[in-house]
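Work through the exercises below with the sequence and the coordinates side by side, and attempt each task before reading its solution.

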Amino acid sequence: MGAKKGWTQARMREVAKEERDELGLDPFDPLDPYELADAHGIPTYTLTDLLDHGLAPATRDHFHAAGSRDWSAALVPLGTARVIVENEAHLEVRRRSNIAHEMGHHLLEHPFDSVILGEDHKEQFDSTLEKQATFISGELLVPDEAARKAAYAGWDNAKVARRFNVSEQFAQMRMYGARVIAARTARKYSRT
């Protein structure tokens with residue numbers, strides 16, 4: 001399957017479900033993206049961890065302060081191995097989303113030549129690959145099956161966020177389509 005072509009939403013949902021199943025998770029169980037990375041033999045490091053490996057403190061400090069919005073995480077090739085480096089200046093829910101997103105790149109076998117950090121420290125990326133990684137990370141953290149059931153049950157964003165250990169913004173993103181379907185179904189049955 002090509003990195004850009006061949007990944008339908010249905011197929012990405014299947015991959016996410018397979019990964020969740022391998023971890024023994026039901027649809028309403030929160031996924032630990034660090035556990036998923038570990039299951040794939042991908043260690044995660046924070047910028048602070050990299051100080052022991054030659055990262056300049058000024059670089060870490062830049063991404064912890066003014067540059068914290070510029071960079072979240074990266075899946076990095078080291079020979080045939082992979083590691084994830086993350087910005088620990090972000091909130092835990094954001095970090096979990098970041099790790100799930102980077103694992104999405106791994107699970108979808110995206111090439112490494114399409115995601116780089118430019119001289120201005122801003123990511124430069126292939127938007128198709130980023131959309132795919134965002135989609136599968138959503139399925140990993142809040143599966144569509146759970147989102148639909150939660151929508152029918154009337155869960156608000158705060159309840160979804162608490163259940164799956166994601167931000168309310170992430171919950172809103174995942175619940176939007178499910179709520180449209182639930183509302184459409186409710187209208188259909190209210191007319192009969």
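**Exercise 1: strand pairing**

T44 stands opposite I84 in β3. The model is a predicted one, in which local features need pLDDT of at least 70 and side-chain atom pairs count only at pLDDT 80 or more, while totals for chains, interfaces and linings use all residues. Residues are numbered from 1 along each chain as its sequence is written, and side-chain values use heavy atoms, with hydrogens and water left out.

Task: determine in which sense strand β1 pairs with β3, and over how many bridges.

Solution. Strands are DSSP runs of E with at least two residues, numbered from the N terminus, and helices are runs of H or I with at least four. Two strands pair if DSSP finds at least two bridges between them. Strand β1 (residues 44-46) pairs with β3 in the parallel sense over three bridges.

Task: find the sense in which β2 and β3 pair, and describe their connection.

Solution. Strand β2 (residues 73-78) runs antiparallel to strand β3 (residues 81-86), with six bridges between them. Within this pairing, V76 has V83 as its bridge partner, and P77 stands opposite R82. The two strands form a hairpin with two residues between them, and G79 in the turn has a positive phi of about 65 degrees.

**Exercise 2: the whole chain**

Task: count the helices and strands, then assess the compactness of the chain.

Solution. The chain has eight helices and five strands. Its radius of gyration, taken over C-alpha atoms, is 18 Å, close to the 16 Å that the globule rule (2.2 Å times the number of residues to the power 0.38) gives for 192 residues, so the chain is as compact as a globular protein of that length.
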